[in-house]
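Trainee: Could you help me see how the terms used for a protein model are justified, one step at a time?

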Amino acid sequence: MEVTARAPGKIILAGEHAVVHGCAAVASSIDLYTSVSLRLRSEDEDTIKLLLNDIGLDFSWSIRRIKEVLSHLGSPFSLTPTPCSPETVTSLAALVEEQRFPESKIGLASGVYAFLWLYTSILGFKPATVVVSSELPLGAGLGSSAAYCVALSAALLALSASVDLDKSQKGWFTLKAEAELVNKWAFEGEKIIHGRPSGVDNSVSTFGNVIKFKSGVMTRIDSNMPLRMLITNTKVGRDTKALVANVSARKSRHPSVMCSVLNAIEAISDEWCTIIQSHAVDDLCLSANEEKLGEFMEMNQGLLFSIGVSHASIETILQTTMKYKLASKLTGAGGGGCVLTLLPTHVSGAVIDKLVEELESFGFQCFTAGIGGKGAQISFDHSS
């Protein structure tokens, strides 16, 4: 039996940085996916293989070796995952180091730890081949690690004895009752990769659509507004911890001014939720709503600039999209990463093509994505 699971990336529509200080933020799924294909092998094959197609890495472990190192995992399967202990992380690291992990890609090793832990915790020691491919750039703030953990958890749970899915279904289908379980396992995988993630990225990837979050509380928002964004990856790496610390330092130096700025950012988050939940009765109403969102994006970007999280590469993108009268803002931590540009329904494909060509001439990478689509999905291969 073979199953493929896919999970979307995410963007922050509004509220980044303010959310660290107790204000609301709004995140959305995007229709760029990470896919995981899992094929169980016959018991006599005795290996678990992991193929990471996009980064040219592949790994193979004998079942015997995995049992030696991870004998405490594998059974009994628990519907509520127990967090991976530091001792287990050390054991996982030993298994990965034996594979002669390339030094240039050592930052990705924790993703392989997460794979081994999720696999053995959910499926035990069954031989299999797992193939991962993704449309999401790594480390750009688009939730690539969460999409990986969600897709991996969904594929593993789909073939586990504890989850009863109708394997005769054809094509992609969205997880329903199983989604909560997938999200719990994916969050544990994210912890292995990031230490202390918020849980927002994996929740958006699992459930899709739009999520509003504030002080650890997440609320699902049903968007009734079809939106498209141009996502431009600056390819500039950023230090999220340093950016967050710099904002906190600025707040301690200028508390009353910074509180006003952060409250203004929260007001924009609230307005986003109101607009995307409203039903546009006609094209004129839709256009008016798109115009409002564009203005909110410009205001949000100005506020983010004022707290010190923009970057020369971001400003280059803003100036370029401004020439086309399109609204843009950074998404995520800033200091590089990605920029969102709202693509209103009236903008022609020719204009978008011209804009993309100009942005790519600077060395940036562009993606067009629908906003607020479906979350994790499963497809069973009936040919084998």
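Mentor: We will go through one strand, its partners and one pocket, in a model that is predicted.

Trainee: Why are I48, L50 and L52 in strand β3 called buried?

Mentor: A residue is called buried when its relative accessible area is under 20%, and I48, L50 and L52, which point to one face of β3 (residues 47-52), are buried. The side chains alternate along this strand, so T47, K49 and L51 point to the other face and are not buried, which means that they do not fall under 20%.

Trainee: How do you know that β3 pairs with β4?

Mentor: Two strands pair if there are at least two bridges between them, and 6 bridges join β3 to β4 (residues 57-62), therefore they count as paired, and they run antiparallel. Within this pair, I48 stands opposite W61 in β4, and in the hairpin, which has 4 residues between the strands, G56 takes a positive phi near 65°.

Trainee: What makes β5 a partner of β3 as well?

Mentor: The requirement is again at least two bridges, and 5 bridges join β3 to β5 (residues 128-134), so these strands pair too, although they run parallel. Here K49 stands opposite T129 in β5.

Trainee: Which residues lie closest to the centre of the second largest pocket, and what makes some of its lining residues count as charged?

Mentor: The second largest pocket has a volume of about 300 Å³, and of its 16 lining residues, the closest to its centre are E291, K325, L326, P344 and H346. Asp, Glu, Lys and Arg count as charged, and the lining divides into 7 nonpolar, 4 polar and 5 charged residues. Helix α9 (residues 283-306) gives the largest share of this lining, 6 residues.

Definitions and conventions
Residues numbered from 1 in each chain as written. Predicted model: local features only at pLDDT ≥ 70, side-chain atom pairs only at ≥ 80, totals over all residues. Heavy atoms only, no water. Buried < 20%, exposed > 50% of the residue type's maximum accessible area, 1.4 Å probe, protein only. Helix = DSSP H or I, 4+ residues; strand = E, 2+ residues; numbered from the N terminus. 1 Å grid on protein atoms, 1.4 Å probe; cavity = no way out; pocket = protein on both sides within 12 Å on 5 of 7 lines; lining within 4 Å. Points joined across faces, edges and corners; volume = space filled by probe spheres on them.
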